[in-house]
Every structure is written in structure tokens, then in C-alpha cells.
Amino acid sequence: MLGEDDALWGEFAAETEEHLDTIEAVLGGGGAALEREQVNTLFRAFHSLKGMSDALGAPGMKNVAHVAEDILGNARSGRLVVDAAVSGVLLGAVDALRRQRAAVLATHQDMPADPALIAQLQRIAGGSPAAPPAKPAPPPAVAATEKNPLVGVVASRVVVAVPLLGHLAGETVAARDPAALQEVEELAEAAALLGLPRLSAGFSTLAEAAGSIAALPALGLLRRQLERLEDMAGESAGAAEIPGATRGELAPRLAGLAVRLAALTEGHGDAPALAAAARAAAAAACALGQEALETLLLTLEDLADRAADPDAAAVLAIQGPALAERLHAAAEGETLAPRALPPAEAAAEALDPRLPPAFRGSMGAAARGRALAALAAGQRLFVARLALGQDAGIENAIGAWLHEEAEVLASRNLPPPSPELAAELETLFASGAELSLLQTHARALDPDHRVLRDLALLPEAGIEHAEAGPVTMRVRQETIDGIINLQAEVRAAALSLSETLQEGGGRGAIGRLAALEQWLPGSVAPHLANALERLRRVQDAMEGAESRLTLSLRRLDEAVMELRVVPIGTLFSRLPRVARAVARASGKEVELLLEGQEVAIDRSLVELLADPLLHLVRNAVDHGIESPAAREAAGKPAKGTLKISAARRTGQIRVRLSDDGAGIDRDRVLARAVSRGLISSAEAARMPPDEVHGLLFRPGFSTAETVTETSGRGVGLDVVQDAVRRAGGTLEVTSEPGQGSSFALRLPLTAAVQTVLLVEVGGHAYALPAGRVDSVVEHDALPPGAELRRLSDLLNLPPDPAASEGAIVMLRSGGRVLGLAVDRVQRRSDLLLRPMHPALAGLPGVGGVGVLGNGEPVVLLEPDGM
């Protein structure tokens, strides 16, 4: 593992979390088979996880990501479909990776992969179906994975038919021998009867393609299926004999691929067409037994298939010319070692002198323009020297890293230093990073210098740097947290200054001194008048400075908020999976709609709201949405709808979760509350709807008759309300019988600052959440039926003898109104919340600790906890 002080740990933590969130968001989208672009996204994410885990010495994570990548590689080539069953297994892999990641980050030690999970993933990668997430499907008539003597019979028959298969792979009409076609069709039928649809399809495809240019690739794909048949039968099925019985010509295909690849690297090629041609050529190479060429062509297919992706584009920029040369060499019957490119043309010397002469001839107009733009932006040019053909994994990782840290501009082949050494490639790129940082990252990717032989900064002579433009850089999380804490300190100091100017009595004191001026002797009064004028100017200047500081602080608040916020979609992305799991367990059909995922929310709120939203989703699916039969009987679609939306309003974020289910059953809620002694029958008869809804948030309250995995435990909505209140927000419930329910969360823009009402009891100031305060009334204006409690009694404080009768703060608590008597009400204020000591956090009624503008600490009270 890497050392404790290695800066890459922070990058590993951030990027692995991002990739895992991306995977979960794609897989959590629904039960339908994934589209090709979704599969590509998953493949890239698992590939990146594998590379980063390997770089930090975490083979457990690497092994899980590697097998998942194999599954998606098969999906990209069309050999399997990522349906609901496969998605479920991949989500299990995500859960395992999250556990491994947490262990690696906590201990800097590897956590081995679960052998059962690896075996399950390998079965899918090998072509076996994934186990469905719910009830197991009925077994097929003949289990292909069991030892079946008929499988051996088919395998033996294929061995005999190998010469016929090789004959059908010809590209002339003469190849369509009737006897051979008859044999292949019978083998296709036999495979279908054994429950081997892919093998059957392989035989049928060969029969259809016989005598055409598609015949040789069809035989190559069939050969791979025969290898799987051999594993099942435990004996040969002719896969190894096929190359010896097959005749074919690859040179035209390879030459055409080289031309297509050259066009693509120059910016005007057809990437999908190149990927399809490379896939077919790889299958043809398989039929002829040319394994090394097949691997090369599959690499080319992968790069072309991902050509629109920036990572693949960077790798193509590095490897494209070398791959084209290797294809030309193979087409001419030579070895696959790349050949050096021809020297740059003399005319290239006339290009811009700021560009390195060695690369001028290989840079097109677009590349030259990007290089000059990078120089104008204050970046510098670097050259990386790479050894080719040593390790494809490291080559891909370095290509992706160069795109991450820099902009690849051009590359050129170098002849090998000696015949026994690998050929080399020089890559020119621009970056704003320091050479030492680039070398540190390069050593992490390739510590033994197997691929990246050298990394150097080009001399800057002759380069005129323009004023640097905006750049993007990674900043460690603790650095951002430090900036946020400093901003909070500045805000507290500014609030203290503002309160001092507004409430310190400076203007009043100047006025009183001015009134005294007329009583002073004539010789003294002018001196006082001059002093008062200076005081007025100082007061005006301080108030003007305070006004400018307030405006600047508001802009600073907005800038710091950009450091704190993340899209709320990162929170929403985990909800579809939970909804599907609960719906599947309860036999329901639910469609989840997500809106406003781009709304920015404070990162601390994401942590606070993760569990509450999961509870609300479980509650809506389990309690709100009816069964398909009940919905159809009520005239509704069998599939229920659960909608979660987010929107930003003035000073707050609103998150709403609504369903079209049965709604809240008022009578059932009241009956359960009466049976548990929470209210009396008389109270139940006159209880308004909002108080009925408030009963749902009582700790331990549940209307479920039986305890299941998701219901009846009395844990859920009270947790939701507690978390929302700790965030300084409110939760509102509305429901219409037969139409559905809605839970609306109103949250502050940040959890670090909360608007409060300051009150005083026993000579001490306390804060009450302003969102919970309905009004402030005198004692004789207390609403009828409202409960009245003295705050001093709740806090075990003696009342202030100097205080008058005081005031009553009307609070909304659990669907009811509570009157809280205090000695005096001070004012509304913004309270900067600080981390609480564990001893304070465990006290009932304490919602937080903050700092007032004058720097004094104050306790934030939580009315429900008192």
C-alpha cells in the first residue's frame, strides 16, 4: 500500500466515490435492459475503479471491478444483455466495493473480495445466466450447467464436423456445400434442444454467412462458443482444431482497418464503422488461431467504440499511429512490432517556431491551434517517452491520466534503441501542473517505468507567455473545510461589528453630548462641538465600512457556498434501488420519477438527509402504494407512481415526495393512537388533520399489523422529522384519501447557519429554531386549549427576579401548538452552528451549539426533545 502521507489517497477517495455513485445511478434507473451508452458508462467506471485500486495496492477491489468489467465487455460486444438480473448482481458488486473502499481508506490495508461474489460474477461473465433477485425462475427442461451426457454427444459430433465448418468459412459460392449446411443446421437444432441458445445461434449464423465475407468472423465467434461447450462437456468440441481446418485471408481487412484508423486519428474518420470492422476482423483472427492479432483488434474495437469519450480519445492520440503501423505490418505478413513513422517533411519547418521541431510534421492544423492556445493560457509543453507493447493496462492508465492532467497534442514513433528492445513513442502534451507533481503521479501509475520511460519539460526559450487564463485544479477536502471555517469566523466578526454599531448606543451618546453642549461655558463648548463632529464622522465612516463589509460578506457567502454544495442528484441516485427492492418484496409495481436533480444543496445536508429520504421512500412504497389488484379495483393503473422533486426557492431548498397511493387512513391512525394510549377517544374525535398527521411522527408509532423487513418496527418517520429539524428545516404532510400523500421538506440553503429567535431565561440567552416559531404573544393572549410550559422549569433554571411577566413563544411541535413562557424575547438572528461535544449531543432538548455575532456561545434548543 502507499504511504500514509501520499497525496493520492485523497484523490483515490474522491474519484472512487464518484465512480461508484455513477454506477449506482445507471443501474438504479429501472429494470429494463440497459442501452449501449449506459453499458459504456458502466464499463468505463469499473475500468477506472480497477486501475485506481491496482495503483494503490488494493487487489480485493481490483478483482471485483475486473470481473464486473468483463461482464460489461461482453455486453458491449453483444454477447450478453444487462437486464434486471445482471443489474442486481452488479449492484451487489457496488455494495462490496463500497465496503472494501471504506476499509482501505480507514486502514490503508487491502480487504479481500468475497469468493462467492467473484464466482457469481464470473458465471455471468462466462455466459451463465444471473440468478434473479426475487424468486428463482423455474429450471430449464435440460440444465445446461449440469453434467449431461447429451452435451458430450454434441461435442463429439462437432469434432467430426470441423472440416465442414472450415469449408463453410470460405468467401466464395463454392463454400456453400449442401452436406455441410445440413450438418450445421442439425447441430444448431441439437444445441437448441439442450438449452444452449447462443451455441445454436452460432451454428445458424455460420450457415447463413457461408460463402460470404461474413463467414470467417462467424466461424471465429462459433469457436469461442465451442470453447464453452468443452468446459461443460469435459471433452474436446473441436475448438482447437478449427484454425487448422480453416483457410482465410486477413490482409485486405487489416489494410482497410489501418486506413480507417488513420482517418480517425486525423479527425475525420467514422468511429462506429471502425469499431464494427475491428470486431469482425478480431473474430476472423480467432477463426484462424491468431490470438495476438485478435487481442490487438479487440483493443482497437474498444478504443473506436469509446472514441467519443475523452479518455479513449487521449489513448487514441497516443496509440493510434502505432496501431495503424502494426496493422500495416500484419497485413504485409510481418511481425506486429510497430515501425517508425517517416521523418517530418521539410515544409514543416515553416510552422510556428514556438512549437517543438520534432513534432511539427505530425501536428495537424487543429493540434497546432490547441498547442498555441495552451501556451497563450500560460501552460507549458511536456514530452513523455513511452515503451510500446509492454503492458496494455499501464498504457491505458497513462493515456487516461494524461487526459486528466493535460491536453495531448501530438505523438511520434521512435525506432527501438536496439533490436531486442521495444519500440518507443514520444507524446507531446500541455499542462499547467508542475513537473514534480506530474512525475509523482507517473510513478504511482508505473513505478517500474515499464511503459513511461521519461517525462520532461520542454525548454521555454522563444515562448512568450500571455496572461494565464482560468484553470481547473483539485483541492483537498480539508483545505476547503479550512476555508469554510475561516469564512464562518469572518462572518461572526462582521455580525459582532454590525450588532455593536446598531445596538451599542453610539448615535444616542453623540446626541446626548450635543444636548449638553448648550449648558457648557462658551470657552468649552466649541471644543466639545469639534470633538462631536469628529465622532460623527467616525460613526459615519464605520457605518459605511460596515455596509460595504456586509455586501462583500454576502458575495463571500455565495462563493463559499459553491465550495460546499453538490447536486442533490447525488442524494437521489440511491433511491430507485430502494424503491424497487421494497416494491419487489411487497409484490407491488412502482415507477419512480426524479425531478430537479441539478439543484445544488449543502454537502452537510446530503449527509443529514440520506437516511430520512430512504425512510420516506420505503414508507411510500410499503404503506402508500396499493397492490396492483387493489389499484385496478379502484380504477387506477396497476403501477403506482412515486415522485421526488427538488426546487430552490428564496433562502431555502424544497424537497417533495408524493405518491398516488391510498393516502393516510385517518381512522386507522387514530385507532392505533388510542389503543396505545397516546390520545383519548374524545381527543381523537376532535383532532384536526394536521395533528393526526403529527401522530405518525411519534417515536415507535406504526400502523402495520405485522412486522416485516420494512414495516411494523416503529422506526422511520420520527427519524425523518428529527433529521429535518436538526438541519433547521420543517416537514409538512398532506394527504387525500384514495389520491395519495405528500411529504414536503423545507430546508435552509446551508446547515452551518440557522435563523433563530433569541430568548432569555434565568439571565442566559437561548436560541429557538425560527422555523418552528408561530408567533410571540402576551400571557393574556394565549390561544384556547394551547399547552403552556415555562422554559425555566424545563431547563431547571430559577426565573429571573428582575424580569417582568415575560412573553410566550408559540411553537409548533408534533402537529400541536405549544406555548413556551420565557423571561424576555430578544431578537431574530443568524446563528453559526459549531460541532457539539458528544456530552452535549446526547442531552435531550439540545439541537446544537452556535456562536452569536458578539462571539458568545448559545445553545440551540429543540422543543420536541424537551
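**Exercise 1. The nonpolar patch**

Determine which helix gives the largest share of the nonpolar patch in this predicted model, and how many residues that share comprises.

*Solution.*
Step 1. Helix α21, spanning residues 525–564, supplies the largest share of the patch, with three residues.
Step 2. The patch consists of Leu497, Val538, Met542 and Leu549 and covers about 290 Å² of surface.
Step 3. Leu497 is located in helix α19, residues 477–503.
Step 4. The relative accessibility of Leu497 is 31%, so this residue counts as partly exposed, a class that lies between the 20% and 50% limits.

**Exercise 2. The five-stranded open sheet**

State the strand order of the open sheet and identify which strands stand at the edges.

*Solution.*
Step 1. The order is β6-β8-β9-β11-β10, and the pairing of these five strands is mixed.
Step 2. The edge positions are held by β6 (590–595) and β10 (730–736); each has a single partner strand, so one side of each lacks a neighbour in the sheet.
Step 3. With direction ignored, neighbouring strands of this sheet are turned against each other by 10 degrees on average.
Step 4. Within the sheet, β8 (residues 640–649) and β9 (residues 652–659) run antiparallel and are joined by eight bridges.
Step 5. Arg649 has Gln652 of β9 standing opposite.

**Exercise 3. Helices lying across the sheet**

Find which strands helix α23 lies across, and which strands α29 lies across; then decide how many of the residues of α29 are buried.

*Solution.*
Step 1. Helix α23 (residues 575–586) lies across β6 and β8, and its direction makes an angle of about 165 degrees with β6.
Step 2. Helix α29 lies across β10 and β11 (740–748), at about 140 degrees to β10.
Step 3. Helix α29 comprises residues 717–726; seven of its 10 residues are buried, so the helix is largely enclosed by the rest of the structure.
Step 4. The buried set is Leu717, Asp718, Val720, Gln721, Ala723, Val724 and Arg725.
Step 5. A general rule helps in reading such a list: an α-helix has 3.6 residues a turn, so residues three or four places apart point the same way.
Step 6. After α29 comes Gly728, with a positive phi near 85 degrees.

**Exercise 4. The barrel**

Give the order in which five strands close into a barrel, and the average twist from one strand to the next.

*Solution.*
Step 1. The barrel closes in the order β12-β13-β20-β19-β18, with mixed pairing.
Step 2. From one strand to the next, the twist averages 45 degrees.
Step 3. Five bridges pair β19 (residues 846–851) with β20 (residues 857–861) in the antiparallel sense.
Step 4. Gly848 has Leu860 as its bridge partner in β20.

**Exercise 5. Three individual residues**

Classify Leu34, Gly399 and Glu183 as buried or exposed, and describe the surroundings of each residue.

*Solution.*
Step 1. Leu34 is placed in the loop between α1 (8–27) and α2 (36–55). Its relative accessibility is 15%, which is under 20%, so Leu34 counts as buried.
Step 2. Residues up to four places away in sequence being excluded, Leu34 touches Val26, Leu27, Val39, Leu42 and Val82. Val82 is 48 residues from Leu34 in sequence, yet their C-alpha atoms are 5.8 Å apart.
Step 3. Gly399 belongs to helix α17 (residues 392–405), and its relative accessible area of 0% makes it buried. The C-alpha atom of Gly399 is separated by 8.4 Å from that of Leu316, 83 residues apart along the chain.
Step 4. Glu183 is part of helix α7 (residues 178–193). At 16% relative accessibility, Glu183 also counts as buried.
Step 5. Neighbours within four places in sequence set aside, Glu183 is in contact with Arg157, Ala161 and Leu164.

**Exercise 6. The chain as a whole**

Report how many helices and strands the protein chain has, what percentage of its residues count as buried, and what area it exposes.

*Solution.*
Step 1. The chain contains 31 helices and 20 strands.
Step 2. Of its 866 residues, 45% count as buried.
Step 3. For contacts between residues at least 6 apart in sequence, 70% join residues at least 24 apart.
Step 4. The exposed area is about 41,700 Å², of which carbon and sulfur atoms supply 56%.

Definitions and conventions. Residues are numbered from 1 along each chain as its sequence is written. This is a predicted model: local features need pLDDT of at least 70, side-chain atom pairs count only at pLDDT 80 or more; totals for chains, interfaces and linings use all residues. Side-chain values use heavy atoms; hydrogens and water are left out. Helices (H or I, at least four residues) and strands (E, at least two) are DSSP runs, numbered from the N terminus. Buried means under 20% relative accessible area, exposed over 50%, partly exposed in between (1.4 Å probe, protein chains only). Contact means heavy atoms within 4.5 Å. Patches are made of residues with over 30% relative accessible area and no salt bridge: like charges are joined within 9 Å, nonpolar side chains (Val, Leu, Ile, Met, Phe, Trp, Tyr) within 5 Å. Accessible areas come from the Shrake-Rupley method with a 1.4 Å probe; for residues, only the protein chains shown count as cover. A salt bridge is a side-chain nitrogen of Lys or Arg within 4 Å of a carboxyl oxygen of Asp or Glu. Two strands pair if DSSP finds at least two bridges between them. Axes are lines fitted to C-alpha atoms, for helices over the stretch in contact, and angles run from 0 to 180 degrees between N-to-C directions.
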